[in-house]
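Student: I would like a close look at one part of this model, set against the chain that holds it. Please take me through it step by step, with the values in hand.

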Amino acid sequence: MSLDLVVAILMAAAGAATPLLIAALGELVVEKSGVLNLGVEGMMLIGAVAGFAVSYTTGVPALGAVAALLAGALVSLVFALLTLSLMANQVATGLALAIFGTGVSALAGAPFVGITTTTLGPLVAFDDPILRLLFGQSPLVYLALLLTLAVWWFLKHSRQGLILRAVGESSDAAHAIGYPVLKIRYLAVLFGGAMAGLAGSYYSLVLTPMWAERLTAGRGWIAIALVVFASWKPGRLLLGAYLFGFVITMELQAKAAGFALFAPEFLSALPYLATIVVLAVISLGRRNATHAPACLGKPFRPAV
Amino acid sequence: MTPRLELSGITKRFPGVTANEDVSFAVAPGEIHALLGENGAGKSTLVKIIYGVQRADEGSIAIDGRTVSIGSPNEARRLGIGMVFQHFSLFEAMTVLENIALGMDNPPSGRTLDARIREVLTEYDLSLDPQREVHTLSVGERQRIEIVRALIQKPKLLIMDEPTSVLTPQEVERLFKVLRQLRDEGCSILYISHKLAEIKALCDTATILRGGKVVGTCDPARESARSMAEMMIGGSLKDISTKAKGLIGKPRLAVDGLDAPGEPPFGTSLKSVSLSVRAGEILGIAGVAGNGQNELVSVLSGERLTGVSGSIHLDGAEISRLGVGARRKRGLSALPEERNGHSAIGAMTLAENAVLSARGPAGLTAAGGLLRLGRARIYAKTVIDAFSVRANGPEAAAASLSGGNLQKFLVGREILGEPKVFIVSQPTWGVDAGAAAFIRQAMIDLASRGAAILCLSQDLDELLELSDRIAVMNGGRLSEAMEVAGVSIERIGLLMGGVHGEDDPESEAMLGAGRAA
């Protein structure tokens with residue numbers, strides 16, 4: 001196997017892992033605050049179409065990424081209003097958001113089907129394969145890695161991160177001590193939406209710089225599964241996202257080489273299967289070792 | 001002298017109820033001031049207003065003579081007010097240090113905070129490891145976190161909401177030592193409780209609340225527990241008639257070598273529990289919550305069969321493999337601790353709730369499993385009348401009753417079925433004094449008709465009043481049962497704290513410390 005092929009495979013793996021990682025980081029922060037938003041897939045699709053539309057109209061893909069970020073945050077605001085202020089059921093609202101996002105993105109993207117746009121590609125081109133692997137990828141790949149570090153630091157070492165975790169652990173206790181539970185959850189949901197939107201734009205701006213319906217192909221669900229797989233830890237999330245990115249790439253490579261390692265259906269089931277295995281293994285061990293936030297999915301209604 | 005805290009005309013209304021009405025009183029610097037009242041008298045609402053968790057509709061609060069507006073707990077802390085909550089405001093999956101940092105407005109970095117926590121611990125002679133995670137700690141240690149969290153900010157006024165309801169007698173003594181030290185340093189303490197003996201021992205002044213209003217102020221040292229209780233309930237206290245001695249017969253419930261796993265996620269497993277309750281006898285089981293009481297009730301009632309080993313005999317017959325229904329049919333009735341959702345279903349009517357457990361003894365089902373709802377209504381009505389339950393008849397939803405009334409209904413539902421063995425957990429928890437006395441009387445009457453009663457409670461005074469014998473649960477183990485007449489509270493306290501054996505040097509040391517305190 002030539003060095004070029006190895007580098008190509010590794011770069012493809014990083015490419016497949018990056019959107020998973022970005023979306024999952026957002027969902028991790030949301031869940032750490034005690035909110036379960038299952039609408040990641042919908043927010044990603046809305047981000048993908050918004051990013052494509054802005055990139056195509058302005059010709060600047062970076063603006064597209066920013067637009068995707070804002071679009072994702074905007075739809076997540078709807079989710080936050082419904083579940084946090086109006087106490088709607090989080091699971092049902094999240095599923096509705098996923099379906100809503102699929103529909104809206106198809107509608108808004110109808111004029112763009114089949115059109116291509118400029119890629120949000122590497123800033124510098126390298127001929128040397130090693131340099132290309134290290135420095136010649138889309139800026140979003142590096143951004144995702146920086147974000148992982150930032151989220152880890154925020155949750156583990158910052159005061160605001162401690163408060164966010166406290167709200168997810170016990171909203172009543174946090175309220176009694178005097179923290180604005182709803183405000184913190186709103187901010188977390190908005191961050192999650194922005195990350196999902198950005199992750200979505202990776203598909204329409206980097207991986208396949210064109211628009212097609214259901215472009216993200218269910219990867220939003222994999223991102224949610226990854227959060228559980230990673231036991232709500234950013235470091236393990238990075239590991240998980242790259243692992244799945246690698247498996248996805250190997251499967252494509254194998255298919256291109258003319259033999260299938262697994263049926264494609266098995267591949268798409270793999271993340272969920274792995275999540276179940278990980279959960280089972282963890283729960284065999286220490287109690288509550290999954291580190292799930294204790295108030296995950298529970299609504300908060302303060303008495304005033 | 002300017003009062004440290006002065007409340008004038010505090011009024012707080014919720015839809016349908018007035019929690020506080022024109023409440024005014026003052027707390028002097030360096031005074032331990034008791035706020036006394038039954039459940040629902042408005043104590044908790046009042047302190048939440050002082051701590052800024054809730055806002056008063058009317059009235060004003062002055063700290064050191066200056067009128068202040070307290071919009072949030074952060075503002076309260078800035079004014080020098082600290083609070084220890086009744087239901088702890090702790091985060092189980094986090095460390096002690098993180099929990100304390102969360103309760104401060106501008107906590108220093110980890111290492112400095114760790115050092116300051118250790119300073120406070122030494123100053124007040126408390127022990128606690130700042131790096132431990134909260135879910136690994138006992139209830140007493142958890143309360144210490146809350147206390148340190150308040151003390152580290154050097155409060156001028158410390159509010160304690162029912163701090164002793166979950167502590168062993170020794171832990172209570174240690175807490176009082178800290179509070180007296182604080183008072184001597186000039187800190188004012190607002191101490192909320194309904195335990196009169198403690199208030200007599202600790203407090204300088206008491207303000208008594210009833211129905212949201214101040215009904216009196218007194219010097220607890222000069223009042224008797226009885227006179228304060230009568231001010232609390234606003235009527236004279238009825239004496240409980242004790243049952244005649246010598247009626248105790250042969251064992252009805254005999255349990256031997258019972259082992260069972262704990263309930264997830266943080267339950268305690270039962271370890272070789274043996275006990276026997278005789279006809280006409282009440283056996284009390286004391287212990288701090290979470291030491292296996294819930295597991296014992298669910299194993300004895302038949303709710304939990306998997307993983308259980310050991311024998312349970314009812315009137316000589318082995319029943320340990322029988323389910324809940326079969327045990328009920330044989331005359332074993334159990335009332336678990338949790339009223340809402342376990343003993344009763346809130347959304348269902350009282351008649352329907354009666355069917356849930358009394359269908360057998362009261363004949364509320366016909367052949368083929370059909371319900372006799374007419375009979376159920378009559379049965380519920382009988383319970384309501386016999387136990388003076390305040391409810392809008394048998395068709396009232398269980399959730400519409402107050403805690404005390406629902407508990408009276410549930411105890412009545414079981415007792416009117418004349419069980420041979422009655423297992424009850426926390427029979428008067430969160431129940432007002434009048435209803436509690438009624439429930440205890442009903443239990444004593446049931447025992448004197450020949451039933452065997454197993455009563456689990458965290459209220460030691462209640463157990464000492466009710467029981468013939470008392471045993472202590474700790475870490476899933478049950479101590480030998482002791483005759484209540486002549487039992488020493490210190491010994492029960494030590495057993496509750498997990499100290500076993502007479503000649504254990506540590507227990508001797510603790511006994512000595514307890515006496516000195």
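**A helix and its chain**

Tutor: Of the 517 residues that make up chain B in this predicted model, 52% count as buried, and that share is a useful background for the part we shall look at, helix 1 of chain B. This helix covers residues 43-50, and because 6 of its 8 residues are buried, meaning that each has under 20% relative accessible area, it is largely enclosed by the rest of the structure. The buried positions are B:K43, B:T45, B:L46, B:V47, B:I49 and B:I50, a list that includes a lysine, B:K43, alongside residues such as B:L46 and B:V47. After the helix comes B:G52, a residue with a positive phi, near 80°.

The chain around this helix can be described at several levels. Its secondary structure comprises 17 helices and 21 strands. Its C-alpha atoms, taken along the principal axes, fill a box of roughly 70 × 55 × 40 Å. The radius of gyration of chain B is 24 Å, and because a compact globule with 517 residues would have a value near 24 Å, the two agree. The contacts add a further view: among those in chain B that join residues at least 6 apart in sequence, 66% link residues at least 24 apart.

Turning to the surface, chain B exposes about 21300 Å², and carbon and sulfur atoms supply 51% of that area. As for charge, the chain carries 57 positive and 62 negative charges, and the mean positions of these two sets are 5 Å apart.

The cysteines deserve a separate check. A disulfide is a covalent bond between the sulfur atoms of two cysteines. A search of the whole structure, over all chains, finds 0 disulfides. In chain B, B:C455 has 0% relative accessibility and therefore counts as buried, the cut-off being under 20%. In chain A, A:C295 has a relative accessible area of 11%, so this cysteine is buried too.

For a contrast with the buried positions of the helix, consider a loop residue in chain A. A:A217 lies between helix 9 (181-207) and helix 10 (219-229) of that chain, and because its relative accessible area is 56%, with over 50% taken as exposed, A:A217 is exposed. A:A217 and A:E41 are 176 residues apart in sequence, while their C-alpha atoms are 8.6 Å apart in space.

How values were computed. Residues numbered from 1 in each chain as written. Chains lettered and ligands numbered in written order. Predicted model: local features only at pLDDT ≥ 70, side-chain atom pairs only at ≥ 80, totals over all residues. Heavy atoms only, no water. Helix = DSSP H or I, 4+ residues; strand = E, 2+ residues; numbered from the N terminus. Buried < 20%, exposed > 50% of the residue type's maximum accessible area, 1.4 Å probe, protein only. Rg over C-alpha atoms; globule rule 2.2 N^0.38 Å. Contact = heavy atoms within 4.5 Å. Areas by Shrake-Rupley, 256 points an atom, 1.4 Å probe, with all protein chains shown as cover. Lys, Arg positive; Asp, Glu negative; His and termini not counted. Charge placed at Lys NZ, Arg CZ, Asp CG, Glu CD. Disulfide = S-S within 2.5 Å.
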